[in-house]
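Let us read a protein model together, one feature at a time. Each question is followed by the general idea and then by the case at hand.

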Amino acid sequence: MMTDLAITVSDERKRKRMVSNRESARRSRMKKQQHLEELVGEVARLESENAQSEMHANLLTERYSKVEAENAVHRAEAAQLAERLKSANKYLSLFEVVRGVKMDIEEIPDPFLSPWLPVCTALLNQCNC
């Protein structure tokens, strides 16, 4: 009888262990599924964020191109105006020589024609401060 009782206790322990293992495996599968769902959600969020960032970068690139084109036009206009000013100064100098009238003509430094110099530096050099 003792052996029957020992077998019954042993069988009960095995059964409880099997139930416990099944429950543990079920919890593990659920946890894994939940983690997978979280990762899928994060991938979707990151893809959306990436698409928005790409659109923003494209918009900024487009704006930059427009501003660069406008700057090129302005630089060309500034160069053209600088040439006209030089020409006008030559005529005034010639007028000064021919008429004998003193014309105080200063060349106007153009910081836009030297873009590597900050405007404030060019202005400081102009006023000799």
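The dialogue below moves from the overall make-up to salt bridges, a polar contact and a surface patch.

Q: What should I know about this model before I start?
A: This is a predicted model, in which local features need pLDDT of at least 70 and side-chain atom pairs count only at pLDDT 80 or more, while totals for chains, interfaces and linings use all residues. Residues are numbered from 1 along each chain as its sequence is written, and side-chain values use heavy atoms, with hydrogens and water left out.

Q: How many helices and strands are there in the protein?
A: Helices (H or I, at least four residues) and strands (E, at least two) are DSSP runs, numbered from the N terminus. Here the protein has two helices and zero strands, and helix α1 covers residues 2-99.

Q: What share of the residues is buried?
A: A residue is called buried under 20% relative accessible area, exposed over 50%, and partly exposed in between (1.4 Å probe, protein chains only). Of the 129 residues in this protein, 4% are buried. The accessible surface, computed by the Shrake-Rupley method with a 1.4 Å probe, where for residues only the protein chains shown count as cover, comes to about 11800 Å², and 60% of that surface belongs to carbon and sulfur atoms.

Q: How many salt bridges does a search of the whole structure find?
A: Side chains of opposite charge can pair when their charged atoms come close. A salt bridge is counted when a side-chain nitrogen of Lys or Arg lies within 4 Å of a carboxyl oxygen of Asp or Glu, and the search finds seven of them here.

Q: Where do Arg26 and Glu23 stand relative to one another in helix α1?
A: They are three residues apart in helix α1, so about one helical turn separates them. Their side chains meet in a salt bridge, with 2.4 Å from N to O. Arg26 counts as partly exposed because its relative accessibility is 35%, and Glu23 is partly exposed as well, at 29%. A network of salt bridges links Glu23, Arg26 and Arg27.

Q: Which residue forms a salt bridge with Glu49, and which with Glu62?
A: Glu49 pairs with Arg45, the closest N and O atoms being 3.2 Å apart, and both residues lie in helix α1, four residues apart, about one turn of the helix. Glu62 pairs with Lys66, with the closest N and O atoms 3.7 Å apart; these two are also four residues apart in helix α1, so they are separated by about one helical turn. Lys66 counts as exposed because its relative accessibility is 51%, whereas Glu62, at 45%, counts as partly exposed.

Q: With which side chain does the side chain of Glu12 make a polar contact?
A: A polar contact is a pair of N or O atoms within 3.5 Å; within protein, one must be able to donate a hydrogen and the other to accept it, and residues adjacent in sequence count only if both atoms are side-chain atoms. The side chain of Glu12 makes such a contact with the side chain of Arg15, at 2.6 Å. Glu12 lies in helix α1 and is partly exposed, with a relative accessible area of 32%.

Q: Which residues make the nonpolar surface patch?
A: Patches are made of residues with over 30% relative accessible area and no salt bridge, where like charges are joined within 9 Å and nonpolar side chains (Val, Leu, Ile, Met, Phe, Trp, Tyr) within 5 Å. In this model Tyr91, Leu94, Val97 and Val98 make a nonpolar patch of about 480 Å². Val98 is found in helix α1 and counts as exposed, at 64% relative accessibility.
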